[in-house]
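Colleague: Thanks for making time for this. Could you walk me through your labels and tell me what stands behind each of them?
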Amino acid sequence: MKLDSRKLGFSVAGQRQNLDGSTKSYPNSQQKLQASTWVKLLELPSTFSFDEALLLCQVTEDEWLAWIPDHGEELLNTRQFSY
């Protein structure tokens with residue numbers, strides 16, 4: 001089951017704390033994607049995984065290797081996440 005926080009009347013902050021202690025905002029659509037950026041997943045890879053992924057490196061023009069908390073590494077197409 002997927003939880004849609006927009007329908008529940010509360011918002012989720014657009015920042016995530018990185019492992020080095022810094023915070024990073026989601027880039028707006030004007031910015032080019034780059035490694036170490038948190039993106040919002042449009043579909044969850046598993047029931048227990050987070051709904052965000054950390055981009056690790058670009059594989060092709062439309063694909064990124066990403067790390068998803070409580071899931072692991074995943075190859076994502078740019079249509080599978082928003083930024």
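Colleague: Why is Asp51 called partly exposed?

Modeller: Happy to explain, and please keep in mind that this is a predicted model. Asp51 has 34% relative accessibility. Buried would need under 20% and exposed over 50%, so Asp51 is partly exposed at 34%.

Colleague: And what makes Lys40 partly exposed?

Modeller: The reasoning is the same kind. Lys40 comes out at 25% relative accessibility, so the label is partly exposed.

Colleague: How do you know that Lys40 and Asp51 meet in a salt bridge?

Modeller: Their side chains come to 3.1 Å, N to O. The cut-off is a Lys or Arg side-chain nitrogen within 4 Å of a carboxyl oxygen of Asp or Glu, so the Lys40 and Asp51 pair, at 3.1 Å, qualifies. In general, side chains of opposite charge can pair when their charged atoms come close. A search of the whole structure finds 1 salt bridge.

Colleague: Which parts does the pair tie together?

Modeller: Lys40 lies in strand E3 (residues 38-41), while Asp51 is in the loop between E3 and strand E4 (52-58), so the pair ties together parts that are 11 residues apart in sequence.

Colleague: How do you know that E3 and E4 pair?

Modeller: DSSP has to find at least two bridges between two strands. E3 and E4 have 3 bridges in the antiparallel sense, so they count as paired. Val39 stands opposite Ala53 in E4.

Colleague: What about E5 and its partners, E4 and E6?

Modeller: E4 and E5 pair over 4 bridges, antiparallel, and Leu55 stands opposite Ala66 in E5. A hairpin of 4 residues joins these two strands, E4 and E5. E5 and E6 also run antiparallel, joined by 6 bridges; there Trp67 has Glu73 in E6 as its bridge partner. The hairpin of E5 and E6 has 3 residues between the strands, and Asp70 takes a positive phi near 65 degrees in that hairpin.

Colleague: What makes E6 and E7 edge strands?

Modeller: The open sheet has 5 strands in the order E6-E5-E4-E3-E7, with antiparallel pairing. E6 and strand E7 (81-82) each pair on one side only, and they are the edge strands.

Colleague: Which side chains of E5 point to the buried face?

Modeller: Along strand E5 (residues 63-68), Trp64, Ala66 and Ile68 point to one face and are buried. Glu63, Leu65 and Trp67 point to the other face and are not buried. As a rule, side chains in a regular strand alternate between the two faces of the sheet.

Colleague: Why is Leu33 called buried?

Modeller: Leu33 has 12% relative accessibility, and the limit for buried is under 20%, so the label fits. Leu33 is found in the loop between strand E2 (23-25) and E3. Leaving out residues up to four places away in sequence, Leu33 touches Val39, Leu55, Trp64, Thr78, Phe81 and Tyr83. Leu33 and Gln58 are 25 residues apart in sequence and 8.9 Å apart in space, C-alpha to C-alpha.

Colleague: Last one: why does Asn77 count as buried?

Modeller: Its relative accessibility is 16%, so Asn77 counts as buried. Asn77 lies in strand E6 (residues 72-77). A polar atom of the Asn77 side chain lies 3.0 Å from the backbone nitrogen of Arg79. Asn77 also touches Asp62 and Glu63, not counting residues up to four places away in sequence.

Note on methods. Residues are numbered from 1 along each chain as its sequence is written. This is a predicted model: local features need pLDDT of at least 70, side-chain atom pairs count only at pLDDT 80 or more; totals for chains, interfaces and linings use all residues. Side-chain values use heavy atoms; hydrogens and water are left out. Buried means under 20% relative accessible area, exposed over 50%, partly exposed in between (1.4 Å probe, protein chains only). A polar contact is a pair of N or O atoms within 3.5 Å; within protein, one must be able to donate a hydrogen and the other to accept it, and residues adjacent in sequence count only if both atoms are side-chain atoms. Contact means heavy atoms within 4.5 Å.
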